[in-house]
Amino acid sequence: MHKDLKILIDIHHLDLGLANHEKQCRSIPLEIQKIDDQVAEFRSKINNIREIIKANEKKIKMDEAMIEDHRQQQGKYRAQLFKLKSNREYQALNNEIKQLDDKISELETEILELFEDSDNKRKALRRMEKDVEQKIAESEEERKKLTQDLDREKDAYARAEKARNQLVDDLDSEISERYLKLMKKKGSGVADIIAGNCGGCFMKVRPQIAALVRGNDQLIPCEKCGRFLYWSEESSF
Ligand SMILES: [Zn+2]
């Protein structure tokens with residue numbers, strides 16, 4: 001095989017590997033981010049429930065304070081009742097006391113509802129916390145694995161890149177420039193012949209050209225795309 005053609009094919013394969021490692025290096029962090037988002041979502045759901053329980057407690061305290069105020073007011077009214085002379089005044093004040101009873105009763109009902117709601121939320125919270133703990137543990141496991149994968153990919157990329165650059169240096173500079181230009185423009189600089197077509201641009205390769213390529217002992221560019229053609233195990237006319 002032509003020395004430079006052999007190097008070009010090796011570079012080509014390393015470039016395919018590099019593209020793959022690069023893709024992984026881009027996609028793995030996105031997967032890690034997805035896991036982090038999921039964990040954050042779990043935590044935020046739990047925090048929301050905690051906030052509701054806290055707000056319930058606050059509201060209960062306010063309601064209790066208001067009941068206390070109403071009771072004190074009622075006590076004052078009751079003390080005044082005996083001092084009143086007219087029946088009308090007595091009725092009016094008695095009504096005030098009754099209205100405060102209604103308000104107290106409403107507040108007590110609300111407090112019961114709030115207690116019940118908090119109770120239910122605490123139960124849900126306990127269930128969720130268990131579930132979330134497990135999910136977080138699983139996520140951390142998955143995250144660790146992905147981080148290792150990412151490190152491996154970065155490593156493999158660096159090694160392949162080094163090997164590739166060394167090969168590029170081994171090439172005749174005119175050929176390496178052509179290859180790099182093709183890579184930049186078309187994404188690949190080398191193609192094998194598949195069923196009589198260029199494996200890069202898929203245009204028909206003339207039989208005379210294909211016959212020359214078959215020996216792999218010359219550098220022959222595709223007449224359409226300019227990629228260096230070679231004959232692989234999968235090649236055929
Ligand atoms: Zn071509």
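## A buried aspartate and its partners

Let's start inside helix H1: Asp63 is buried, with a relative accessible area of just 1%. This is a predicted model, so read every distance and area here as a value computed from predicted coordinates. Asp63 has a salt-bridge partner in Lys59, and their closest N and O atoms sit 3.0 Å apart. The two residues are 4 apart in helix H1, which means about one helical turn separates them. Lys59 itself is partly exposed, at 32% relative accessibility.

Lys59 also forms a salt bridge with Glu110, where the closest N and O atoms are 3.2 Å apart. Here the link runs between helices: Glu110 belongs to helix H2 and Lys59 to helix H1, so this pair ties together parts 51 residues apart in sequence. Glu110 counts as partly exposed, with 28% relative accessibility. Put together, Lys59, Asp63 and Glu110 make up a linked network of salt bridges.

## Another tie from H1 to H2

What holds Arg50 and Glu129 together? Their side chains meet in a salt bridge, with 2.5 Å from N to O. Arg50 lies in helix H1 and Glu129 in helix H2, so the pair connects parts of the chain that are 79 residues apart in sequence.

Both ends of this bridge have some accessible area. Arg50 is partly exposed at 38% relative accessible area, and Glu129 is partly exposed too, at 25%. For the wider tally, a search of the whole structure turns up 16 salt bridges.

## Two domains and where they touch

Zooming out, the domain assignment splits the protein into domain 1, residues 3-171, and domain 2, residues 175-230. Their centres, taken over C-alpha atoms, are 57 Å apart. The contact takes in 11 residues from domain 1 and 13 residues from domain 2.

How much area do the two domains bury between them? The figure is about 1000 Å², with 76% of it on carbon and sulfur atoms. On the domain 1 side, Leu5, Leu8 and His12 supply 51% of the area buried against domain 2, more than any other three residues. When it comes to charge pairing across the boundary, the count is 0 salt bridges. Polar contact between the domains comes to 1 residue pair, with both residues at pLDDT 80 or more.

## What domain 1 brings to the contact

Helix H1 (3-81) and helix H2 (87-170) each give at least two residues to the side of domain 1 that touches domain 2. The largest share of that side comes from H1, with 8 residues.

Sorted by residue class, the side of domain 1 that touches domain 2 has 6 nonpolar, 2 polar and 3 charged residues.

## Ser235, past the last listed domain residue

Ser235 is found in the segment after strand S4 (228-230). Is Ser235 buried or exposed? Its relative accessible area is 11%, and it counts as buried.

The side chain of Ser235 has polar neighbours on the backbone. It reaches the backbone oxygen of Ile193 at 2.8 Å, and a polar atom of the Ser235 side chain lies 2.7 Å from the backbone nitrogen of Ser232. Setting aside neighbours within four places in sequence, Ser235 is in contact with Asp192, Ile193 and Tyr230.

## Two positive phi angles

Now for some backbone geometry. Most residues other than glycine have a negative phi. Ala195 has a positive one, near 50°. Ala195 sits in the loop between strand S1 (190-194) and strand S2 (197-198), and at 40% relative accessibility it is partly exposed.

Asn216 isn't a glycine either, yet its phi is positive at about 55°. You'll find Asn216 in the loop between helix H4 (207-214) and strand S3 (220-221). With 9% relative accessibility, Asn216 counts as buried.

Notes. Residues numbered from 1 in each chain as written. Predicted model: local features only at pLDDT ≥ 70, side-chain atom pairs only at ≥ 80, totals over all residues. Heavy atoms only, no water. Domains from an automatic or database assignment. Contact = heavy atoms within 4.5 Å. Buried area = accessible area lost by both parts, 1.4 Å probe. Salt bridge = Lys/Arg side-chain N within 4 Å of Asp/Glu carboxyl O. Polar contact = N/O pair within 3.5 Å; in protein donor to acceptor, adjacent residues only side chain to side chain. Nonpolar A, V, L, I, M, F, W, Y, C, P; charged D, E, K, R; others polar. Buried < 20%, exposed > 50% of the residue type's maximum accessible area, 1.4 Å probe, protein only.
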